[in-house]
Amino acid sequence: LYVLGGLNLVSLILLSPLPSAGIEWRMGRSLFAAVAGGMMMTMRVIHELWTPVGGAYNVDGVLTVMITGLQDELEQRLQGRTFSDTR
């Protein structure tokens, strides 16, 4: 993705001095902005997936709460306590 971003930037720099109409220049800027934004969002998602602790796509906290609840329920069932059954 870094190479693709560099090529995108180089192509904009090389193509910008060419004479073009106003609408073509505006469309070129818009397409460059869309591609650059899409690449940055993709790189941020990949970075979040590589981060082992914390981040937007990490479920460690939720799994910890779930495991703690299951362990508590198992201990109470082994002690003979009653549980509400949702059947």
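What follows is a short walk through the predicted model, from the overall fold down to single residues.

This is a predicted model, so local features were taken only at pLDDT of at least 70 and side-chain atom pairs only at pLDDT 80 or more, while totals for chains, interfaces and linings use all residues. Residues are numbered from 1 along each chain as its sequence is written, and side-chain values use heavy atoms, with hydrogens and water left out.

The protein chain has three helices and zero strands, giving the pattern α-α-α along the sequence. Helices here are DSSP runs (H or I, at least four residues), strands likewise (E, at least two), and numbering starts from the N terminus. As for confidence, pLDDT is the predictor's own score for each residue, from 0 to 100. The chain averages 78, with 85% of its residues at 70 or more. Among the elements, helix α1 (residues 2-15) has the lowest mean pLDDT, 75, and α3 the highest, 88. Where pLDDT is low, the predicted coordinates should not be read in detail.

Not much of the chain is tucked away: buried residues make up 5% of the 87 residues. Buried means under 20% relative accessible area, exposed means over 50%, and partly exposed is in between (1.4 Å probe, protein chains only). About 7,600 Å² is exposed by the chain, and carbon and sulfur atoms supply 68% of that. These areas come from the Shrake-Rupley method with a 1.4 Å probe; for residues, only the protein chains shown count as cover.

Helix α2 (residues 22-50) has 29 residues, and its end C-alpha atoms sit 42 Å apart, which agrees with the 42 Å span expected at 1.5 Å a residue. That expectation is 1.5 Å times one less than the number of residues. The buried residues of α2 are Met39, Met43 and Glu48. Methionine 40, also in α2, is partly exposed at 46% relative accessible area. Methionine 40 lies 39 residues from leucine 1 in sequence, yet their C-alpha atoms are 8.8 Å apart.

Helix α3 has 19 residues and reaches 27 Å from first C-alpha to last, close to the expected 27 Å. The salt bridge count comes to one, taking a side-chain nitrogen of Lys or Arg within 4 Å of a carboxyl oxygen of Asp or Glu. Arginine 77 pairs with glutamate 73, their closest N and O atoms being 3.0 Å apart. The two are four residues apart in α3 (residues 60-78), so about one helical turn separates them. Glutamate 73 is partly exposed, at 27% relative accessibility. Methionine 66, another α3 residue, counts as partly exposed at 46%. Just after α3, glycine 80 takes a positive phi of about 90 degrees.
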